[in-house]
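Colleague: I'm new to this one and would like to understand the words you use for it. Could you walk me through them?

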Amino acid sequence: MRKNSRLCCLLALAGLCLRSLIYCQEIGPLGYPQNLKCVTHNLHQMICTWDVSYKGRHGQTDFCYTTNDLPPPVCFKTKEKWVEIPVPEGSITVTITTKSISGTAFATQEFEIHKKDISFVPLTPRILFLTPDFSTATLNLKWSDNGSVFPYGLDAFWQIQILHKEVMEEVTQITYYSKLTHEDNILSWNWTSDIPLECTSHYVKIRCYINVTYFAGPKDWSDWSPVEEVRGKDTEPGRSGVFPQDTVVPVGSDVTICCVHKEGQQIQWMTYGPEIYPMIPLSSRSSAIRVLNASASDASGTNVVCGLSEDEMDGTVLFVGYAPDIPQNLSCETSNFLTIKCTWKPGRPSGLYGKRGTKYSLFERISGKNVSCEVSEINREHACDFPVLADQKTYDFVLGVSNPIGQTESSLFVDLTQRVHPKTPEKLTLSGNSSTSVRLRWFINGSFAEIGLLCQIEISSGHSEQKMHNISMPGEKFSTYTAQLNTLHPYTTYQFRVRCAAADHFWRWSDWSRREEHATLEAPPAKGPDIWRERSPSGKSLKIFWKPLSLSEANGKIVSHEVSCYLLETPLEHKEVTEPSNSTEIRLGKNDCVISVVAKNHAGSSPPSRITSAELPSDNVKTDRAVAMGNGIYISWNSYPNITCGYIVKWCHSFGSEPCSVDWQKFPSNTTDAVIKSALFRPGIRYNFSLYGCKSSGYQLLKNITGYMKELPPKRAPNFTVEETSSDSILVKWEDIPIEDCQGFLEGYRLSFAKGEKDALKPRLLESGNPELKVKNITDLTKKSLKILDLQGKTSYQLDLQAYTAAGLSPPNSLYVVTKED
C-alpha cells in the first residue's frame, strides 16, 4: 500500500511544473546534482527530487540530510533521483553525491531548504463512483477526501468540472466545500443536466485544494483526477430513440428533448405538439430541441415526434403538470367505530393522471400505522379509510401527498368520540292502531356502546307544517332503536324519517332515512260546524246553513250532519243530511226554536252547534258603502252596547244564473270593523252585506253594506239621445247604467263636445290640444239631462258621453248633431 502511495506521489511530481518556490543551485559541471525540489502531499512527509547534469549512465546516489534538532546526518543510497523524508520543523541541509556505475564519485552538492520553500499540493483525488440516473438526468458523484492523513478541522475545497458531447465541451464548474475530520470520508454530490443523459456523453473530473493557514510554503490545487464518463445512447451501435422517454416535468419548465438516430440516418424535423422546433446538434448521431416555459399538457400528454430519413419516425410523450397542492379542509370521522373516514379537498388539479397521478397515504403518528389511499385524480370525493385501533381514542393523522413533480402533507389531531357521523338509519318501520300515536323502529349499522345517540324524527303531513321530534337514547352495538309518538292528529297520513348523531359531542347528523307513511285512525269531530240560518220571506220555514269543518277539526271523513229543532228542550223536528249538502230547510210555522247541528264521521259525533231562529225587529236599517281594499272589502260599524254575543256579517255570492251561495263571518262583541276576504270575490262585482247583532233573545239586523273588492271603470257609457236643438243649443238625455255594468260606485258623467263632421277620417274631438273641446262634468247622479248653450247655428257637433267611477272612465258613446239655422 505504501509503495503505491509513493508511486502516486511520483506521478504527481512528474506532471508538476515549476509552480512553487524551490531552492536550487546553478548548473555545475557534468554529473553535478541540481534543481532540488521538495513537495508535501500530507504535511508529514515530503518528496524531494533533483536533476543530474550528466546524461549518461550513473550508479547509486548518496543522499544525506541533517536538521538543527537532528545533528547526525541521515543518509540513503538510491538509484532514483528522488527520496521521501519527513517535513522538517525548520530548515534542512541536504548533501547529494552522485556516483558512476563503478562507484566512483562524480560530484557532491549541498543544498539548504527552508520550510517556506516546500510546496503543499494535495494528492490527485480519485472518483470512486459516477452513477447516472437517466430518469432524472442526474449524476451522482462519490469520492474519498483522504482526510485521515490531515489534522482535524482543515477546510477542503473541491473543484468539480462537468463536460459533455464528443468534443468534451465544458458545461459547468462548481466548487464544493467540506471539512476534514482526520478520517477518510466518502463525499457525495449530485448534479442534474438540462440535457437528458441519453442524448450525449457526460464527463466528470475533480481536483482538491486544502487550506492550511499555518503552512508557510506555497499551496496549490491538486492535479485533476482521471476523467470519468457516462456514455450517451448515441455511442451505442444500433441504438436510437427520443429522450427523455415519457417523462414528467412541472408547468413552466424549460425542457430539452433529443433524438438519437442510427448510423446512416438523418433527422429531418422535430415537433413538440403541433409545432416544429429548431434543432440543436449534439453529436453525429444526436440532435435536440428546447421547449421553453412548457404549459400544462392534456391528460394523455404532449407528443414529441422525430422525423427521420426514409420516412421513419420515432417519438416520446412529455407530461407537464403541477406539484400537488396542500390538502385543504382535512376532516376525519367515524360512522361505526370500526373505520375512520378522512376526507379533504385536493386543491388545484395536478393535470397528471394514471400512474403519474397524485398518490395519497395516511399516517397515524401515535400508533405508527400507515395506509395507502386509492384516490382517483378525477374522482369528486377524496377520501381514505383508516381502521379504528383498540383502546385508542385520539389520532394524530398526517395525510401525505405526492406525484412525480413534488410532495406535501397536511395534518389533523382528532378525538374520535367527538367525530361521530352515524350511517343512515335503515329498515324504518311504523306500527300502531290508534288515532293519535305510532311506534317507530329503525336499525343503525355501527357500534355506539360507548356513547349516547340523539335521534331526530321528522313528521310531515299534507295539511300541516313539518315538525321535528328529538329523542335521546343510549347507543348500542349494531342494534334496532325504537320511539313512540303520541301527539298525532286523527285520520291523517303522515310521512316519517329519522336521522341520528352523537348526543354528548354533537358533530354531524347522519343522512335521513327513507320516508315511510302511516295513517292514523278516525276520531269523533273535535267541534261542531259553524252555522247560520235565514227565514223564508213568508216566515213559515227556516233554512239552516253550515260550513264544512277543517281537516284538523273533522278528525275523519264527515258522512252526514244531524239537524234538530228544539222548543223549550222539546224536539220539534229532526233530520239527517248526508254529504255533500251544507244546508237544509225545516218548517216552523210561526214558532221559534233552537237549532242544533252535529257533524258525524265513522268514529262518532261532534259537540252540537246551536243557534236560535228568533229574529228581533229592526228599525231604520240603513245601507252604507264599503271600501274596496284590492284584496278584500273593508266594512265598519258603530258599537252597539246591547249586543251581548257578537256580530255576524252575512253576504251572498251570485254568478250569473247560479243560485245565491250564502256565506257569513262571526266577530266578537268588541269588534267594530273588519276586512272581509273570500277566494270567490271578483273585481268589479258589487256585493251586499248584512250586519246582524246577537242578543240572548235572538238576532237583529243592524244595517246593510254594499261594496266592491276592487272598483273598475264602467263597462260602457249610458245610452243618450238628443231631445231638441236650436240655433244655439242642444238638449241631451241619458239612461241609467245597470249596476252590473257600473263595476264600481258611479261618481258622475263626463259630456265632451266640439265641432266635428261625422264623415271626417280623424274626428278632432278627442285629440289632445283641441282648443274647441269643451267638457261638462255632471256629479249629480239624479240628473239625467243637460242643455248645451252658446253654440253656433247650422254647425255640426260631435258629442261624447262617458260614465266614471273611482277607477276611471267608461268607453264613450258618441252622437253627431247639426244646430238649426239662425
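Colleague: What makes Cys593 count as buried or exposed?

Modeller: Buried means under 20% relative accessible area, exposed over 50% and partly exposed in between, with a 1.4 Å probe and protein chains only. Cys593 has 2% relative accessibility, so Cys593 counts as buried. A word on the source: this is a predicted model, where local features need pLDDT of at least 70, side-chain atom pairs count only at pLDDT 80 or more, and totals for chains, interfaces and linings use all residues. Residues are numbered from 1 along each chain as its sequence is written, and side-chain values use heavy atoms, leaving out hydrogens and water.

Colleague: Why is the link of Cys565 and Cys593 called a disulfide?

Modeller: A disulfide is a pair of cysteine sulfur atoms within 2.5 Å. The sulfur atoms of Cys565 and Cys593 are 1.9 Å apart, so the pair fits that definition.

Colleague: Why is the disulfide of Cys565 and Cys593 called left-handed or right-handed?

Modeller: The torsion about its S-S bond is about -125°, so this disulfide is left-handed. By contrast, the link of Cys64 and Cys75 has 115° about the S-S bond and is right-handed.

Colleague: Why is Cys75 called partly exposed?

Modeller: Cys75 has 46% relative accessibility, so Cys75 counts as partly exposed. Its partner Cys64 is buried, with a relative accessible area of 19%.

Colleague: How do you know whether Cys742 is in a disulfide?

Modeller: Cys742 is in none: the nearest cysteine sulfur, that of Cys652, is 20 Å away. Cys742 is buried, with a relative accessible area of 5%.
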